[in-house]
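Subject: Structure for you to look at

Hello,

Here is the structure I said I would pass on. Please open it next to this message; my notes follow below.

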Amino acid sequence: MASFPQDIMQPVPAPVAMAFWPGYRSLIAAALETSPGVETIEDVEQRLATGAYQAFFGRRSIAITEISHFDQATAVTVIHGGGELAELLDTLEPLIHDYACAIGADLLMGQGRLGWKRPCEAKGYRFGWIVMVKDIRQSGEAAPPAPNFVTL
């Protein structure tokens, strides 16, 4: 795995991220195996390449974030993480925190499996909400036509 220079304390421009991505790709691919299947590794790559996602690289870990704009707050959300837990929480999380503060975000959030709850609470996070997922379409089944909603 290519080691990322640790003196860079913010996400890097998309072309630089994509240059380091191959050495970290397998870490996010492994994380996606336990996800609800809302995106593929290729989807993540595309969003990194366009700058829609940001990458924070460690020596043996990576965190992928997305900036979310809500009506009442802006959040930097860690949407994928892979590699060594200690490095993710002790090295990358403080960098992401500082980045979120620098861009004026109100919240730093993380999403993932329930196993993240305890280690994140130890870092000052609180439980925000739970997302339940129910599959309503069979794999490969085409989406139904959009309903014709009436606007009043």
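Glu45 is buried: its relative accessible area is 17%, and the cut-off for buried is under 20%. Please keep in mind that this is a predicted model. Glu45 sits in helix H3, which covers residues 41–50. Leaving out residues up to four places away in sequence, Glu45 touches Met18, Trp21 and Arg25. With Arg25 there is also a polar contact, side chain to side chain, at 2.5 Å. That pairing belongs to a wider group: Arg25, Glu42 and Glu45 are linked in a network of salt bridges. As a general point, side chains of opposite charge can pair when their charged atoms come close.

Salt bridges

How many salt bridges does the count come to? It comes to six. Three pairs are worth going through one by one.

Start with Glu84 and Arg60. They form a salt bridge, and their closest N and O atoms are 2.7 Å apart. This pair links distant parts of the chain, with the two positions 24 residues apart. Glu84 lies in the loop between strand S3 (74–83) and helix H4 (85–102). Arg60 lies in the loop between strand S1 (53–57) and strand S2 (61–69). Is Glu84 buried or partly exposed? Glu84 counts as partly exposed, because its relative accessibility is 36%. Arg60 is partly exposed as well, with a relative accessible area of 42%.

Next, Asp90 and Lys123. Here the salt bridge has its closest N and O atoms 3.4 Å apart. This pair too links distant parts of the chain, 33 residues apart. Asp90 is in helix H4, and Lys123 is in the segment after H5. Asp90 has 49% relative accessibility, so it counts as partly exposed. Lys123 is also partly exposed, at 35% relative accessible area.

Then Glu121 and Lys117. Their side chains meet in a salt bridge at 2.8 Å, N to O. Both residues lie in helix H5. They are four residues apart, about one turn of the helix. Glu121 is partly exposed, with a relative accessible area of 37%. Lys117 counts as partly exposed at 36% relative accessibility.

Strands

Now look at S3. It is mostly covered: seven of its ten residues are buried. S3 has a partner in S2, and the two pair in the antiparallel sense over nine bridges. A hairpin of four residues joins S2 to S3. To place the register, take Ser68, whose bridge partner in S3 is Ala75.

In which sense do S3 and strand S4 pair, parallel or antiparallel? S3 and S4 (residues 107–110) pair in the parallel sense, over four bridges. Ala75 is a handy marker here too, since it stands opposite Leu107 in S4.

Surface patch

Which residues make the nonpolar surface patch? Phe127, Ile130 and Met132 make it, and the patch is about 380 Å². Phe127 is found in the segment after helix H5 (117–121). Phe127 counts as partly exposed, because its relative accessibility is 47%. That value is over the 30% relative accessible area asked of patch residues.

The whole chain

Last, the overall picture. The protein has five helices and four strands. Along the sequence they follow the pattern α-α-α-β-β-β-α-β-α. There are 152 residues in the protein, and buried residues make up 32% of them. Take the contacts with a separation of 6 or more: residues 24 or more positions apart account for 55% of these. The accessible surface comes to about 10100 Å². Carbon and sulfur atoms hold 55% of that surface.

If you only have a few minutes, begin with Glu45. It is a buried residue that takes part in the salt-bridge network with Arg25 and Glu42. After that, go to S3, which pairs with S2 in the antiparallel sense and with S4 in the parallel sense.

Best wishes

Methods: Residues are numbered from 1 along each chain as its sequence is written. This is a predicted model: local features need pLDDT of at least 70, side-chain atom pairs count only at pLDDT 80 or more; totals for chains, interfaces and linings use all residues. Side-chain values use heavy atoms; hydrogens and water are left out. Buried means under 20% relative accessible area, exposed over 50%, partly exposed in between (1.4 Å probe, protein chains only). A polar contact is a pair of N or O atoms within 3.5 Å; within protein, one must be able to donate a hydrogen and the other to accept it, and residues adjacent in sequence count only if both atoms are side-chain atoms. Contact means heavy atoms within 4.5 Å. Patches are made of residues with over 30% relative accessible area and no salt bridge: like charges are joined within 9 Å, nonpolar side chains (Val, Leu, Ile, Met, Phe, Trp, Tyr) within 5 Å. Accessible areas come from the Shrake-Rupley method with a 1.4 Å probe; for residues, only the protein chains shown count as cover. A salt bridge is a side-chain nitrogen of Lys or Arg within 4 Å of a carboxyl oxygen of Asp or Glu. Two strands pair if DSSP finds at least two bridges between them.
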